[in-house]
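I opened the notebook to log what I looked up in this model, entry by entry. The plan was plain: pick a spot, check its surroundings, write it down.

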Amino acid sequence: QVQLVEFGGGLVQSGGSLRLSCVVSGITFSEEAIAWYRQAPGKQRDFVAQITKGGYANYPASVEGRFIMSRDNAKNTVYLQMNNLKPEDTAVYYCKILGIPSWGQGTQVNVSS
């Protein structure tokens, strides 16, 4: 059974940084592409970052240059380093294995102005 556990969220001031982590189990982690998504209240869940099994990451324009996604295959963990945070980054952040319809519980990020 695939499980994803996100953590590392919290409250931070605008311009601050946070690092999110997602621990994955129940699958051969090193063979999977993994993504981060986020969902703000009343809005749809949006793509934030994706990393291939080879470690190549890509981002939408909204976070490009501010967010960095990485992975540690030895720890079955992906990370999302978020810098220069803005109030519009406030959301619940989720990780997801591409092609597998499972979600974790998410981790809340709040950015105050």
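**Entry 1: Leu98**

I started with Leu98, which comes out partly exposed, with a relative accessible area of 28%. The model is a predicted one, so I kept in mind that local features need pLDDT of at least 70. Leu98 sits in the loop between β9 and β10. Which residues does Leu98 contact once its neighbours within four places in sequence are left aside? I got Glu32, Ala33, Ile34, Ala35 and Gln50. I also took a distance to Pro41: the C-alpha atoms of Leu98 and Pro41 are separated by 24 Å, with their positions 57 residues apart along the chain.

**Entry 2: salt bridges**

How many salt bridges does a search of the whole structure find? My search of the whole structure gave three.

I took Glu31 with Lys53 to begin with; the closest N and O atoms of that salt bridge are 3.3 Å apart. This pair links distant parts of the chain, 22 residues apart: Glu31 is in the loop between β3 (18–25) and β4 (34–39), and Lys53 is in the loop between β5 (45–51) and β6 (57–58). Glu31 has 46% relative accessibility, so I noted Glu31 as partly exposed, given that the partly exposed class runs between 20% and 50%.

Next I looked at Arg38 and Asp89, whose side chains meet in a salt bridge at 2.8 Å, N to O. Arg38 lies in strand β4 and Asp89 in the loop between β8 (77–82) and β9 (91–97), so this salt bridge ties together parts that are 51 residues apart in sequence. Buried or exposed, I asked of Arg38 and Asp89? Arg38 and Asp89 are both buried.

Asp89 turned up again with Arg66, where the side chains meet in a salt bridge at 2.7 Å, N to O. Here too the pair links distant parts of the chain, with Arg66 in the loop between β6 and β7 (67–72) and Asp89 in the loop between β8 and β9, 23 residues apart. I checked burial for this pair as well, and both Arg66 and Asp89 are buried. Putting the pairs together, I wrote down Arg38, Arg66 and Asp89 as linked in a network of salt bridges.

**Entry 3: the disulfide**

I counted disulfides and the count comes to one. Which cysteines form the disulfide? They are Cys22 and Cys95, with sulfur atoms 1.8 Å apart. The torsion about the S-S bond is about 45°, so I logged the disulfide of Cys22 and Cys95 as right-handed. Cys22 is in strand β3 and Cys95 in strand β9, and this pair links distant parts of the chain, 73 residues apart. Cys22 and Cys95 are both buried.

**Entry 4: Ser21 and a surface patch**

I moved on to Ser21, placed in strand β3. Ser21 counts as buried because its relative accessibility is 7%, and the cut-off for buried is under 20%. Leaving aside neighbours within four places in sequence, I found Ser21 in contact with Val5, Glu6, Phe7, Trp36, Thr77, Val78 and Tyr79.

Val5 and Phe7 came back when I looked for patches: with Val23 they form a nonpolar patch on the surface, and together the three have about 230 Å² of accessible area. Val23 is in strand β3 and is partly exposed, at a relative accessible area of 32%.

**Entry 5: the core**

In soluble globular proteins, nonpolar side chains tend to be buried together. So I went to the largest nonpolar core, which has 28 residues. Which of its residues touch the most other members? My list reads Trp36, Met69, Leu80, Met82 and Tyr93. The elements giving two or more residues to this core are β3, β4, β5, β7, β8, β9 and β10 (107–112).

I then pulled the contacts of Tyr93, again leaving aside neighbours within four places in sequence; among them are Glu6, Leu20, Trp36, Arg38, Leu80, Met82 and Val109.

**Entry 6: Gly55**

Last lookup: Gly55, in the loop between β5 and β6. At 40% relative accessibility, I put Gly55 down as partly exposed. The C-alpha atoms of Gly55 and Ser30 are separated by 9.7 Å, and the two residues are 25 apart along the chain.

Key
Residues numbered from 1 in each chain as written. Predicted model: local features only at pLDDT ≥ 70, side-chain atom pairs only at ≥ 80, totals over all residues. Heavy atoms only, no water. Salt bridge = Lys/Arg side-chain N within 4 Å of Asp/Glu carboxyl O. Helix = DSSP H or I, 4+ residues; strand = E, 2+ residues; numbered from the N terminus. Buried < 20%, exposed > 50% of the residue type's maximum accessible area, 1.4 Å probe, protein only. Patch = residues over 30% accessible without salt bridge, like charges linked within 9 Å, V, L, I, M, F, W, Y side chains within 5 Å. Areas by Shrake-Rupley, 256 points an atom, 1.4 Å probe, with all protein chains shown as cover. Disulfide = S-S within 2.5 Å. Contact = heavy atoms within 4.5 Å. Core = buried A, V, L, I, M, F, W, Y, C linked by side-chain atoms within 4.5 Å.
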